[in-house]
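Subject: A structure for you to look at

Hello,

Here is the structure I promised to pass on to you. Please open it alongside this email, and then read on for what was found in it.

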Amino acid sequence: MTAALITRAPLAGCVAVVTGSSSGIGAATALRLAALGANVAVLARSKDRLDELTASIGAAGGTAIAIPVDVTGRQAVNDTTDQVAERLGTADLVVNDAGVQLISPITDLRQDDWQRQIDLNITGVMNVLGAFLAHLTTAAAAASGSRKARARRPAADVGRNSGRAH
């Protein structure tokens, strides 16, 4: 088995949006996408953590903007699309990582926790998808429109060079 190490910037010129990026997998994903050359919009509720993340990305030579938002609010998420477009351009890819798992015994009947999980893990995902759908459709159309664009297409490049074991 061999794994390829990406040593160039296959996502240069692409705009990535990562929700839930204030910590964990979301933050790691934002860092990796920036390292691969993407300009990254990091979204989460915690402005302080987002500012730390954008500073880290900037210190490593990348470009990132912080947009504090609660993805359970449809209008708030819709407003982020304008901010992304104005500051970075049309989003080429979206990583919908905001989520929560609140564990308690079923006998506790923590219906407030259940509702919070539904609001964030389902409604939040759909809000982000709905908000950025026009961006993603535009990016897909551009990518299929020319040979040069297809060569730049993030999924094609990253999938080919992601270091998958064979």
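Before the first finding, one definition: a salt bridge is a side-chain nitrogen of Lys or Arg within 4 Å of a carboxyl oxygen of Asp or Glu. With that cut-off, a search of the whole structure turns up 3 salt bridges. I will come back to each of them below. Please keep in mind throughout that this is a predicted model.

**How far to trust it**

The mean pLDDT of the protein is 86, and 83% of its residues reach 70 or more. Two stretches call for caution. Over residues 147–151 the pLDDT stays under 50, and the model has 5 contacts for them beyond four places in sequence. The pLDDT is also below 50 over residues 155–166, a stretch with 19 contacts in the model beyond near neighbours in sequence. Where pLDDT is low, the predicted coordinates should not be read in detail.

**The overall picture**

The protein has 6 helices and 4 strands. Starting at the N terminus, the elements follow the order β-α-β-α-β-α-β-α-α-α. Of the 166 residues in the protein, 35% are buried. The accessible surface comes to about 9,400 Å², and carbon and sulfur atoms account for 54% of that area. If you take the contacts between residues at least 6 apart in sequence, 64% of them join residues at least 24 apart.

**A buried threonine**

A good place to start looking is threonine 19, which sits in strand E1 (residues 15–19). Is this threonine 19 buried or exposed? Its relative accessibility is 0%, so threonine 19 counts as buried. Leaving aside neighbours within four places in sequence, threonine 19 is in contact with Gly26, Leu43, Val71, Val95, Asn96, Asp97, Ala98 and Val128. With one of these residues there is also a polar approach: a polar atom of the threonine 19 side chain lies 2.8 Å from the backbone nitrogen of aspartate 97.

**The salt bridges**

Side chains of opposite charge can pair when their charged atoms come close.

One pair is found in helix H2 (residues 47–59), where aspartate 51 and lysine 47 lie 4 residues apart, about one turn of the helix. Their side chains meet in a salt bridge at 2.8 Å, N to O. Aspartate 51 counts as partly exposed because its relative accessibility is 30%. Lysine 47 is partly exposed too, with a relative accessible area of 45%.

Which residues are linked in a network of salt bridges? They are Arg110, Asp112 and Asp113. The side chain of arginine 110 meets that of aspartate 112 at 3.5 Å, N to O, and that of aspartate 113 at 3.4 Å, N to O. Arginine 110 has 34% relative accessibility, so it counts as partly exposed. Aspartate 113, in contrast, is buried, with a relative accessible area of 13%.

**An unusual backbone angle**

Just before arginine 110 in the numbering comes leucine 109, in the loop between strand E4 (93–95) and H4. Leucine 109 has a positive phi of about 45° although it is not a glycine. At 53% relative accessibility, leucine 109 counts as exposed, because the cut-off for that label is over 50%.

**A nonpolar patch, and a neighbour across the sequence**

On the surface, Ile118, Ile122, Met126, Leu129 and Leu133 form a nonpolar patch. Together these residues have about 470 Å² of accessible area. One of them, leucine 129, belongs to helix H4 (residues 111–145). Leucine 129 counts as partly exposed because its relative accessibility is 39%.

Leucine 129 is also worth viewing together with asparagine 78. Asparagine 78 is in helix H3 (residues 74–87), and at 26% relative accessibility it counts as partly exposed. How many residues separate asparagine 78 and leucine 129 in sequence, and how far apart are they in space? They are 51 residues apart in sequence and 9.9 Å apart in space, C-alpha to C-alpha.

Enjoy looking through it, and do write back with any questions.

Best wishes

Note on methods
Residues are numbered from 1 along each chain as its sequence is written. This is a predicted model: local features need pLDDT of at least 70, side-chain atom pairs count only at pLDDT 80 or more; totals for chains, interfaces and linings use all residues. Side-chain values use heavy atoms; hydrogens and water are left out. pLDDT is the predictor's confidence in each residue, from 0 to 100. Contact means heavy atoms within 4.5 Å. Helices (H or I, at least four residues) and strands (E, at least two) are DSSP runs, numbered from the N terminus. Buried means under 20% relative accessible area, exposed over 50%, partly exposed in between (1.4 Å probe, protein chains only). A polar contact is a pair of N or O atoms within 3.5 Å; within protein, one must be able to donate a hydrogen and the other to accept it, and residues adjacent in sequence count only if both atoms are side-chain atoms. Patches are made of residues with over 30% relative accessible area and no salt bridge: like charges are joined within 9 Å, nonpolar side chains (Val, Leu, Ile, Met, Phe, Trp, Tyr) within 5 Å. Accessible areas come from the Shrake-Rupley method with a 1.4 Å probe; for residues, only the protein chains shown count as cover.
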